[in-house]
Amino acid sequence: MENFSDVIVIGGGPSGSFSALNLSKKGFNVKVFEEHSEIGVPCHCAGHISINGLKGIGLYPLPENIIENTFVGAKVHSPSGAVWTVRLSKPITCTVNRTLFDKHIAEIAQEAGAQYNLGTRVESLVFSKGFVEGVVINQHGKTSIFFGKIVLDAEGISARLLKQALLSPPKSDKIVRGVQIEVENVKDVEKDVVEVILGRNYAPGFYAWLIPKSDMEAKVGLAANTGNPRTLLQKLMCKHPAISAKLQTAKIIRESYHPITLGGPIPKAYTNGFLVVGDAASQVKPTTGGGIILGLNCAKIAADVAAEAIYQNNFSADFLCSYQRSFMKMFGFDLKIMLKVRDMLDKLRDKKLDSIISVCKKLQLNDVLKDLKEVDFQGRTLLKLAQNSKTLMALTFFFLNYLLEKP
Ligand SMILES: Cc1cc2nc3c(=O)[nH]c(=O)nc-3n(C[C@H](O)[C@H](O)[C@H](O)COP(=O)(O)OP(=O)(O)OC[C@H]3O[C@@H](n4cnc5c(N)ncnc54)[C@H](O)[C@@H]3O)c2cc1C
């Protein structure tokens, strides 16, 4: 293996592979190092993403076998068990098989020229005169040094290497612990509706989900900021009145554990010779924990900035800071609103959430929400919704409940 390339990408998840794809398409020599021996394995994610988001980054349509199901709405279970169902006029989200999704992006990146080195762990960064100039890799127990004009860090939430570059990792107090199972033999699911379960009893600091893959199969999971996620999931499966009934005869075929970062983007995702993308940079929606579409958008921006740096032969932090500026220009407003909404949701007690769901039901918001299209830029979506008197009433009620909540 030659020990130099224009760009080194750490991690073959969606963010790493999408950066590699965009840089390879521009004709650069890109090497991707992935510690696992197979792309997309192990899988730890529900893969629930917006169809608009996929279209926006040019990944739609996906090969048919990757999309497992599409959704026209959501069923929200309040902490006390009331159900509010929102149905839209057409599908706006889908769930993808994350292993196949990751493999697909890696494959098109390779077709564009990116070289993948699987089973290769990046142990550390190599510095010279204050610039990241390469990485130390470990392949089958043998270490070697590899150099690049620029290193793109897409190592995911562990964010171990970015600390070596003296960048701040995702905020640890805003990380929730997730668990997910894939189950067969599920009963009574509405195939085209995702279910969201609220309440501190089952998912303190976040929510639980049931995402149907078909009439009989689903992904069920939750994340929490306290308690053992596995115990909480068992409780959800055995005790939650609606969910336990659906899972009575279910057979677990896969189980995974992984953290989710909800604290918003790290303050600085670049330094000399180095850019950080995806979960490593905490580019995740603080409301839902969805990081795929945000990470892919940021990966594209990082690829554009890295390309410009190579053309200009300027890898200084002063030059690379345009990456942070660009993605904050794209998502900054929405992330600010989502962070506030997450903070409000965390503070609201279950009783208040119950009354908010009850008001949403009474206001019969379906007519207003049925044409909803945008779920990634949630700040803009909320602004749009606030223009309707019914949704404005619901939002005001939500806000007042938050204001009246004791700290
Ligand atoms: C339970 C759960 C459910 C989720 N559900 C959704 C959802 O429905 N929708 C959504 O949008 N998001 C969801 N997410 C979040 C989503 O999974 C992440 O945002 C997304 O995977 C981030 O992609 P990434 O490429 O940045 O990082 P990752 O997918 O974590 O990829 C990082 C890659 O880097 C590799 N790596 C790490 N360190 C090294 C190293 N030193 N050397 C070489 N390789 C290395 C890893 O092996 C991995 O392949 C969920 C997360 C969890 C935990």
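User: Happy to start with the vocabulary: what counts as a helix or a strand here?
Analyst: Helices (H or I, at least four residues) and strands (E, at least two) are runs assigned by DSSP, numbered from the N terminus. Counted that way, the protein has twelve helices and 18 strands. This is a predicted model, where local features need pLDDT of at least 70, side-chain atom pairs count only at pLDDT 80 or more, and totals for chains, interfaces and linings use all residues. Residue numbers run from 1 along each chain as its sequence is written.

User: What makes strand 3 and strand 7 a pair?
Analyst: Two strands pair if DSSP finds at least two bridges between them. Strand 3 and strand 7 (residues 93-96) have three bridges in the antiparallel sense, so they qualify. H48, for example, has T95 in strand 7 as its bridge partner.

User: Which sheet do they belong to, and why are strand 3 and strand 4 called edges?
Analyst: They sit in an open, antiparallel sheet of three strands, ordered 3-7-4. Strand 3 (48-50) and strand 4 (67-71) each have a single partner strand, so one side of each lacks a neighbour in the sheet.

User: How do you know that the radius of gyration agrees with a compact globule?
Analyst: The radius is taken over C-alpha atoms, and the globule rule is 2.2 Å times the number of residues to the power 0.38. For 407 residues the rule gives a value near 22 Å, and the protein has 22 Å, so the two agree. Along its principal axes, the C-alpha trace spans about 65 × 45 × 40 Å.
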